[in-house]
Amino acid sequence: MCLVYFQPQKAKFSLTSELQWANGFVIVYDISDRSSFAFAKALIYRIRESQTSHCKRAVESAVLLIGNKQDLCHVREVGWEEGQKLALDNRCQFCELSAAEQSLEVEMMFIRIIKDILTNFKLKEKRRSSGSKSMAKLINNVFGKRRKSV
């Protein structure tokens, strides 16, 4: 299981390899900085675009969008509704919190995304095993030994 954590101010690298192997993404933006929200939005679009066009995954990666610095709502530039809409439009989980003041909530968000990743693994395994059985039956029917009755 692999989880990639993005904080827009620090993400100065290519996502190409991460998009192919990551099982989950945590994207954090600052509610008092509109540019960090724009960067988070671009990351989510890139993640979802990559999964629909290139990866052909059976199950989408889990994505958690977090609006941080809720304690600075007096200088808010990004509304809660904007974060919620972005998350809904892109099949992400969403929450707003203050990492400085709500460490328990931060921990709960990571537990939540890990549970989603594990659920996705179970779904993928279930699909893989049934697909493997079907393929095995098909191969056996086509290439299996047939006994001739005497």
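Leu104, Met108 and Ile111 together make a nonpolar patch of about 270 Å² on the surface. Keep in mind that you're looking at a predicted model. Besides the patch, there are two aromatic pairs to find here.

**The surface patch**
- Zoom in on Met108, one of the patch residues: it sits in helix α4, which covers residues 103-143.
- Met108 has a relative accessibility of 43%, so it counts as partly exposed, a label for values between 20% and 50%.

**How ring pairs are described**
- A pair of aromatic rings gets two descriptors: how far apart the centres are, and the angle between the planes.

**Tyr29 and Phe37**
- The ring centres of Tyr29 and Phe37 are 4.9 Å apart.
- Their planes meet at 70°, and an angle over 60 degrees counts as edge-to-face, so that's what this pair is.
- Buried or exposed, what are these two? Both Tyr29 and Phe37 are buried.

**Trp80 and Phe94**
- For Trp80 and Phe94, the ring centres lie 5.9 Å apart and the planes are at 65°, so this pair is edge-to-face.
- This pair ties together distant parts of the chain, with its two residues 14 residues apart.
- Trp80 belongs to helix α3 (residues 80-89), while Phe94 belongs to strand β4 (residues 93-96).
- Trp80 is partly exposed, because its relative accessibility is 41%.
- Phe94 has a relative accessible area of 10%, which is under the 20% cut-off, so it counts as buried.

Methods
Residues numbered from 1 in each chain as written. Predicted model: local features only at pLDDT ≥ 70, side-chain atom pairs only at ≥ 80, totals over all residues. Heavy atoms only, no water. Phe/Tyr/Trp six-rings, centres within 6.5 Å; stacked < 30°, edge-to-face > 60°. Buried < 20%, exposed > 50% of the residue type's maximum accessible area, 1.4 Å probe, protein only. Helix = DSSP H or I, 4+ residues; strand = E, 2+ residues; numbered from the N terminus. Patch = residues over 30% accessible without salt bridge, like charges linked within 9 Å, V, L, I, M, F, W, Y side chains within 5 Å. Areas by Shrake-Rupley, 256 points an atom, 1.4 Å probe, with all protein chains shown as cover. Salt bridge = Lys/Arg side-chain N within 4 Å of Asp/Glu carboxyl O.
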